[in-house]
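Q: Got a minute to go through a structure with me? I'd like to talk about the charged pairs.

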Protein chains: 2
Amino acid sequence: MNTLAAVEAAASTTTAVAGVRWDDGLVIVDQRRLPTDVIERRLTTVDDVADAIRTLAVRGAPAIGIAGAYGISVGLRESPPGDADTARDEIRSIEQRLAVVRPTAVNLAASLARVRSAAVAAPAASAADVAAAALAEAVRIHDEDRQATLAIGRNGAALLADRHRILTHCNTGRLATGGDGTALAVIYALEAQGRRPQVLATESRPLLQGARLTAWELEQAGIDVRLIVDSAAGAAMAAGLVDAVILGCDRVAANGDTANKIGTYQLAVLARHHGVPFYVAGPLSTFDPATPNGAAIVVEERDASEVTGFRGQQTAPATVRAWNPAFDVTPAELITAFITERGILEPPFDRSIAEALGGAAAAAGAQGRVGVAR
Amino acid sequence: MNTLAAVEAAASTTTAVAGVRWDDGLVIVDQRRLPTDVIERRLTTVDDVADAIRTLAVRGAPAIGIAGAYGISVGLRESPPGDADTARDEIRSIEQRLAVVRPTAVNLAASLARVRSAAVAAPAASAADVAAAALAEAVRIHDEDRQATLAIGRNGAALLADRHRILTHCNTGRLATGGDGTALAVIYALEAQGRRPQVLATESRPLLQGARLTAWELEQAGIDVRLIVDSAAGAAMAAGLVDAVILGCDRVAANGDTANKIGTYQLAVLARHHGVPFYVAGPLSTFDPATPNGAAIVVEERDASEVTGFRGQQTAPATVRAWNPAFDVTPAELITAFITERGILEPPFDRSIAEALGGAAAAAGAQGRVGVAR
C-alpha cells in the first residue's frame, strides 16, 4: 500500500510553524533570515539540502535529522533512477553526501542510515517502490519525533501543576524539531490546556536563537512571551518572576550531567540559588549512556567573530580575542528532573536514566563530543 | 596666580585614552561610535555639551560630572561676558541649562554646583578672573576624580595579591571617569606593577559597554583581554578561569546593597557558588548613606528596543515585548569587599561604610533612584 503518491499525500503536514516539513517536496523555514524575513524554501536538490544544513538554514538536531531523511527523497526526484537497484545505489550515494555535512551531530547520520536500511531492505519491483519505502521511513522518523515532542509537552505540563511562569533559553521549539519541540513543547501544551503560560525568553547570545527564533515562534503561536538579555535572568528570579526554568539539551551523560547551549549552566546555578526548579526537556535519543559524565564531554569553542559582532555589525574591536564555548555542561546535581517522552526522570539520575533507556548500553553515537552550534 | 591662561595650560592632560579632557577646550571621545570609529570631538558650545551628555557620547557618572564642570568654561568662551557680575550670571544660567540634561544622575548637578559656588565666591575684578576660578574648580574636580581612581587602583591591586585573572562587567575605566576608572583602575594598576592581569570582559548586553568600550580601552592599553558573552561567565568560573570578579557600582546603600549594571547580581551569585571573591570598586561619592538598603532603590526599566535590536539591526520581532531593567541590586551579603579610594571596606558593611564616610549622614543626592543607563 506504500505507493509513492499515497505516502506523499500522507506526509504533508499542516502545523502552523514548522522548521522542516514535506509538502510534495521538502520545505524549510530559512532560520538564518528570521525574524526579519519569514522565507519558506523548497529544497529540490541534494546540494540544496546540504547547503541548508551546513549554513544553519535548518538547525536543531531533530530538525536536521528529519531534513536529511527527506533529503534522500529529494535526491531520488532530482535524478530519477531507472530501476530498483539503481535507486538503492543512488540512496547510498545521497547518504554519503549528506552525512558528512555535520559529522559531529548524531541525528543526521542516524536518520540517513535508517532511511537507507529501510529502502534497501524493502521488497521492491521498481525504483518507485524503493522511493516509496525511503519516503515512508522519513515520514516515520518525522512522526516519531513529532509524537515524542507531544509526549514531552504533556509530561512537562502535568509536572508543572500550577506553575506557569517559565524562563527558557535558546530555541527548542517547532523550528528545531519535527513537532512542538522539547522545552517549548511544554509551553505549547500548557497553552493548549488553557493554562496561559508566561514565558521569559533569554536572547541567547551569541547567535541570539532566543531573540530571533523563540520570541518569533511563541509570538506566532499567540503565547505571552517577553524577551530578556541573558544578564537579566538572575534579576528576574530575584524579582519572583520565574516559577520554573525549562530548557533543552544537546547531550545527557549516563549520570545526568547535561551539555547544552552556553548559559545553561549559569541558569542552573541561579535557579538553585533562588529555589526555582530547573528542568531539562529532551527525547531519550539525546541521552547517551556511553558518555559516563560531563567530564567526558568535549565542548566546542567557536570563532571569536560570533562574540565580536552580529550580522555584519561589529560590536567589539575586530582584533580583540574572545572565549567562545558554544556549550557548557550542567552537573546533574543542579537539575531537578528531566522531562522525556517516556515520563519524568528524577534523581538519582544514573538509575532513572538507565531504566528509561531500558538498561541497554546503547553505544550508538557515543562520540563524547557536542556537535556544532544549534 | 589663577590667571585663565595658567589654569588652562595646567589643565591639559596627556592620558592615552580619556573619555573627557581639557586641552585648550573640552574634548571628548565619542563613545557612541566606539569601537568602530575613534572620534575625538571638541565641544565648543553649551548645546554641544548638553547634546553629548544626553546622547551618551559622554557616559559614566564621573565623566559626566567632569564634562559638566568644564561645560561652564565652554559657555564662558562661547559668550564672553563683559564683566565679573555678568560672568557670574552667565555661570548660573549655564548651570541651569546643563543640570537638567540628566537629572537623575547626582554627579552632574553636584559638579556644576561646585563650580558655580567657587566662581561666585572667588574675589574677582574681571570676567576673566571669574572664568579662571570656574575652570580652576573644574580642574580640581577632575583631579580629585583622577586621584581617587588611582587610589582605588592601588588599593585593589594590593588586595588581589597573586590573583590576576579578573572577570569584569560593563565599562568602568578611562572612558567612564576622569582617570583610570574604578574596577578597571585596579587592572591598570596591576599592569603598571608588572603583574600582567588577564581580563575576561563580559560584553554587557543590551548596550554592549563591555564589547564596545572595555575591550577597546584595555586593548589600547596593551592589556590581555578576552571578550565573553554574558552567558559564559558561569562556565568561565567553573573552568577555573576567574580568580576574582571586580566591577563598578552606580549606587551603594548604607548597608552595602549595591545597584549596578544589569547582570551584576547574577555574577555575584555565580561568584559565591564558585568561591570566587566578588569585589565592587567605586569612589565614596557613590555611597549613599541616605539609602538604607537595596529595597529603597528603584531600578529603571528601559525601552524594549534595546533588547530587540542593536544599532538599527533588528534581532527579535519588532512587536515582541521585553523586560529590560537597566540595573539590578546585589545584596551586601554576596559582596566580598568594596574597593574605595580610602581603602578596602569589609563586612559588616553598615559599619565600615559609615566609618569611611566619616559617620556623616551626607544627605546629598539621596533620591533612591538609579539614573539613566551608563
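Q: Let's start with R21(B): is R21(B) buried or exposed?
A: R21(B) counts as buried, at 13% relative accessibility. Buried here is under 20% relative accessible area, exposed is over 50%, and partly exposed is in between, with a 1.4 Å probe and protein chains only.

Q: Before we go on, what kind of model is this?
A: It's a predicted model, where local features need pLDDT of at least 70 and side-chain atom pairs count only at pLDDT 80 or more, while totals for chains, interfaces and linings use all residues. Residues are numbered from 1 along each chain as its sequence is written, chains are lettered from A in the order in which they are written, and side-chain values use heavy atoms, with hydrogens and water left out.

Q: OK, which residue does R21(B) form a salt bridge with?
A: E40(B), with the closest N and O atoms 2.6 Å apart. A salt bridge here is a side-chain nitrogen of Lys or Arg within 4 Å of a carboxyl oxygen of Asp or Glu.

Q: Where do the two sit?
A: E40(B) is in strand β3 (residues 40-43) of chain B and R21(B) is in strand β1 (residues 20-22), so the pair, 19 residues apart, links distant parts of the chain. Strands are DSSP E runs of at least two residues, helices are H or I runs of at least four, and both are numbered from the N terminus. E40(B) is partly exposed, at 44% relative accessibility.

Q: And in chain A, what are R21(A) and E40(A) linked in?
A: A network of salt bridges, together with D23(A) and R42(A).

Q: Switching to helices: what does R116(A) form a salt bridge with?
A: E95(A), at 2.8 Å between the closest N and O atoms. R116(A) lies in helix α5 (residues 106-121) of chain A and E95(A) in helix α4, 21 residues apart. E95(A) is buried, at 12% relative accessibility, whereas R116(A) is partly exposed, at 25%.

Q: How far apart are the closest N and O atoms of D89(A) and R92(A)?
A: 3.1 Å, in a salt bridge. The two are about one helical turn apart because they sit 3 residues apart in helix α4 (residues 84-99) of chain A.

Q: How many salt bridges over all chains?
A: The count comes to 48.

Q: Last one: how much of chain A is buried?
A: Of its 374 residues, 59% count as buried. Chain A also has 12 helices and 17 strands.
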